[in-house]
Amino acid sequence: MWSEIIRLINEKQRFILTAHTNPDLDALGSELALDEYLRSLGKEVTILNSDSAPRLLRFVDPDRRLRTFSPDRDQGKIDRAQVIFVLDASGGWERVGRVGEVLAARANRSGKEVEVVCIDHHANPVGFADVAVVNSDAAATAELIFDLITQAGGALTPSIARWLYLAILTDTGSFRFPNTNLQTHRIAARLIEAGADPMQLYKQVYEQYPLGLVRLKGHVLNSLQAGAGGRMVWSALDQETLKAYGATPADLDGFPGLGMQIGGVRVSLLCVELPRGRVKVSLRSDGSLTVNGLAEKLGGGGHPSAAGATVEGDLAQVTAQLVAEIEALLKSF
């Protein structure tokens, strides 16, 4: 599975790594782990994302290897790149955001000057890539990066182990989502052996919230509404509420799943008002009802039990429409 990618790694020298917009820890951890491995081989590597890491996740990058794309600063590196790795973002260049437009232009130039490699665990089309490894059985893209590094004979340094463990920890919801399997735990054990400290890493991710964000969590829990006979819950957050608690939409990782703590709930919906008339939609389920199809209809995507999208529209109207649609789907159960 990895032979062609390992060949490119061995033969090429200049690499660009990128991931989806609004990167989560699976994207960031996968980028940083692959970056360190490639650097250990003497390669020239640049990580370029369209969006910076959310403020609560910036601890993951103490050496500031993650760069937010700047056309004036980064065009030269893109022009010289021989391989572009797209991580955790199958489905097309639009998933990568504004840097994706520039990378796509580089990839589409006449002559084969650059190879595009996609590695992901989301089962989306990968027609934009020259080489792709997409495995929806993997709990996180980080599992695939682990596999690549170990198959290539690379060392699992303590830093690589920490980044990959953080990615898997968060993308499996602390090893509780349906995508968690035996292989996930085997890989986690190898990462712990290599230097990942589960208690320390859990604390960094889940026990460093500012007070305002903890209070906002209480607000969301207090505002949850139930429907479909208690089989779904939903909440909506407007810009004014976010500002009152000193929060941004990027701070809300984990909030969409709050409703899943309630017994009997199959689907939880969180809608968040964004600037310029947009709404961020986040869906979670217990696995009995797949929600990625609903997200894909809205132009987003994700996993059967965790998906989302960003749509144009009014917060109240978007929320009401989705509540009605989910209630209709739940009637078939």
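Is H121 buried or exposed? H121 is buried, at a relative accessible area of 2%. The cut-off explains the label, because buried means under 20% relative accessible area. This is a predicted model.

**Overall build**

The protein has 12 helices and 12 strands. Its radius of gyration is 20 Å, which agrees with the value near 20 Å for a compact globule of 333 residues. Along the principal axes, the C-alpha atoms fill a box of roughly 60 × 45 × 40 Å. Buried residues make up 49% of the 333. Contacts with a separation of 6 or more were also sorted by distance in sequence: 66% of them link residues 24 or more positions apart.

**The sheet**

Six parallel strands make an open sheet, ordered 3-2-1-4-5-6. Strand 3 (66-68) and strand 6 (131-134) are at the edges. Each has a single partner strand, so one side of each has no neighbour in the sheet. On average, neighbouring strands are turned by 25° against each other, direction ignored.

At one of these edges, strand 3 pairs with strand 2 (residues 44-49) in the parallel sense, over three bridges. Within that pairing, I47 has L66 of strand 3 as its bridge partner.

Two helices that pack on the sheet are set out here.

| Helix | Strands touched | Direction angle |
|---|---|---|
| Helix 3 (residues 71-80) | strand 1 (14-19), strand 2, strand 3 | about 115° with strand 3 |
| Helix 4 (residues 98-107) | strand 1, strand 2, strand 3, strand 4 (83-87), strand 5 (115-120) | about 140° with strand 1 |

**Around H121**

Back to the opening residue. H121 sits in the loop between strand 5 and strand 6. Which side chains make polar contacts with the side chain of H121? One is that of D26, at 3.4 Å. Another is that of D171, at 3.1 Å. Beyond its neighbours within four places in sequence, H121 touches a wider set of residues. D26 and D171 belong to that set, which also includes D88, N135, S136, T141, L144 and H303. Three alanines, A138, A139 and A140, are in contact with H121 too.

**Cysteines**

How many disulfides are there? The count is zero. C118 is buried, with 0% relative accessibility. C271 is likewise buried, and its relative accessible area is 0%. Both values fall in the buried class because that class covers everything under 20%.

Key: Residues are numbered from 1 along each chain as its sequence is written. This is a predicted model: local features need pLDDT of at least 70, side-chain atom pairs count only at pLDDT 80 or more; totals for chains, interfaces and linings use all residues. Side-chain values use heavy atoms; hydrogens and water are left out. Two strands pair if DSSP finds at least two bridges between them. Helices (H or I, at least four residues) and strands (E, at least two) are DSSP runs, numbered from the N terminus. Axes are lines fitted to C-alpha atoms, for helices over the stretch in contact, and angles run from 0 to 180 degrees between N-to-C directions. Contact means heavy atoms within 4.5 Å. A disulfide is a pair of cysteine sulfur atoms within 2.5 Å. Buried means under 20% relative accessible area, exposed over 50%, partly exposed in between (1.4 Å probe, protein chains only). A polar contact is a pair of N or O atoms within 3.5 Å; within protein, one must be able to donate a hydrogen and the other to accept it, and residues adjacent in sequence count only if both atoms are side-chain atoms. The radius of gyration is taken over C-alpha atoms; the globule rule is 2.2 Å times the number of residues to the power 0.38.
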